[in-house]
Amino acid sequence: MHLGNSATKDLTRSVKLAREISGLAFGVYIGELPQGRESAFARHAQLPAAESAILVAVDPDARTIDIVTGKEAHISLDDRSCDFATLAFVSCANAGDIVGGVREALIVMAEHARAPKVYNLDEPS
């Protein structure tokens with residue numbers, strides 16, 4: 001699948017925003033995944049610092065999405081959060097907007113992985 005310039009820029013912005021929100025590294029692959037989830041795992045392994053990265057892999061022809069998290073990333077982003085991201089993707093993809101679906105999935109995962117704010121509750125001495 002060939003993405004236009006606009007779609008590529010949109011995905012690049014979304015990946016950067018997801019990283020800013022969560023502090024995690026994200027990657028996106030849209031294309032053929034001949035062995036399904038195994039292909040997604042292989043693509044994830046190619047990411048820099050794969051242990052702390054998340055890959056959203058979409059095969060438009062097979063109509064599948066796979067979210068692969070590294071061991072360190074999985075600490076902040078559990079399976080349930082990835083399931084929510086998948087649902088966000090599917091709702092857009094069913095309307096024919098794969099790029100929008102990936103964008104929504106990235107934001108859902110980033111929001112779920114966001115570190116909680118820590119407030120200092122100690123009174124000054």
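This section describes the helices, strands, packing and selected residues of a predicted model.

The protein contains five helices and three strands. Read from the N terminus, its elements follow the order α-β-α-β-β-α-α-α. Of the 125 residues in the protein, 42% are buried. Among contacts with a separation of 6 or more, 57% join residues 24 or more positions apart.

Helix α5 takes part in two helix-helix contacts described here, one with α1 and one with α4. Helix α1 covers residues 5-22 and helix α5 covers residues 98-113; their axes come within 8 Å and cross at roughly 5 degrees. An angle under 35 degrees counts as roughly parallel, and α1 and α5 are therefore roughly parallel to each other. On the α1 side, the contact is formed by A7, D10, L11, S14, V15, L17, A18, I21 and S22, which meet V99, V102, R103, L106, I107, A110, E111 and A113 of α5. By residue class, this contact of α1 with α5 comprises twelve nonpolar, two polar and three charged residues.

The second contact involves helix α4, residues 79-93, whose axis comes within 7 Å of that of α5 and crosses it at roughly 155 degrees. Because this angle lies over 145 degrees, α4 is roughly antiparallel to α5. The crossing of α4 and α5 is right-handed. From α4, the residues S81, C82, F84, A85, A88, F89 and C92 contribute; their partners in α5 are I98, G100, G101, V102, E104, A105, V108, M109 and H112. The contact of α4 with α5 is made up of eleven nonpolar, four polar and one charged residue. V102 appears in the contact of α5 with α1 and also in the contact of α5 with α4.

In soluble globular proteins, nonpolar side chains tend to be buried together. The largest nonpolar core in the model has 27 residues, and I54, V58, F89, V102 and M109 are the members that touch the most others. Two or more residues of this core come from each of α1, β1 (25-30), β2 (53-59), β3 (64-69), α4 and α5. Helix α5 supplies the largest share, eight residues. V102 illustrates the packing around one of these members: leaving aside residues up to four places away in sequence, V102 touches L11, V28, I30, V56, V58 and F89. Of these partners, L11 is one of the α1 residues that meet α5, and F89 is one of the α4 residues that meet α5. Another core lies apart from the largest one; it has six residues, including Y29, L33, A40 and V68.

A18 is located in helix α1. With a relative accessibility of 0%, A18 counts as buried. Residues G23, F26, L106 and A110 are in contact with A18 when those up to four places away in sequence are not counted. L106 and A110 also belong to the α5 side of the contact with α1. The C-alpha atoms of A18 and M109 are separated by 7.7 Å, although the two residues are 91 residues apart along the chain. M109 is one of the core members that touch the most others, and M109 also lies on the α5 side of the contact with α4.

Two residues other than glycine with positive phi values were examined. For A49, phi is near 50 degrees. A49 is placed in the loop between α2 (37-45) and β2, and at 54% relative accessibility it counts as exposed. For R63, phi is near 60 degrees, again a positive value in a residue other than glycine. R63 is found in the loop between β2 and β3. R63 is exposed, with a relative accessible area of 66%.

E72 belongs to helix α3, residues 71-76. Its relative accessible area is 48%, and E72 is therefore partly exposed. Not counting residues up to four places away in sequence, E72 touches E51 and S52. Between the C-alpha atoms of E72 and A49, which are 23 residues apart along the chain, the separation is 9.8 Å.

Definitions and conventions:
Residues are numbered from 1 along each chain as its sequence is written. This is a predicted model: local features need pLDDT of at least 70, side-chain atom pairs count only at pLDDT 80 or more; totals for chains, interfaces and linings use all residues. Side-chain values use heavy atoms; hydrogens and water are left out. Axes are lines fitted to C-alpha atoms, for helices over the stretch in contact, and angles run from 0 to 180 degrees between N-to-C directions. Helices (H or I, at least four residues) and strands (E, at least two) are DSSP runs, numbered from the N terminus. Angles under 35 degrees count as roughly parallel, over 145 as roughly antiparallel, 65 to 115 as roughly perpendicular and the rest as oblique. Contact means heavy atoms within 4.5 Å. Ala, Val, Leu, Ile, Met, Phe, Trp, Tyr, Cys and Pro count as nonpolar, Asp, Glu, Lys and Arg as charged, and the others, Gly among them, as polar. A crossing is left-handed if the near helix is turned anticlockwise from the far one by less than a right angle, and right-handed if clockwise. A nonpolar core is a set of buried Ala, Val, Leu, Ile, Met, Phe, Trp, Tyr and Cys residues joined through side-chain atoms within 4.5 Å. Buried means under 20% relative accessible area, exposed over 50%, partly exposed in between (1.4 Å probe, protein chains only).
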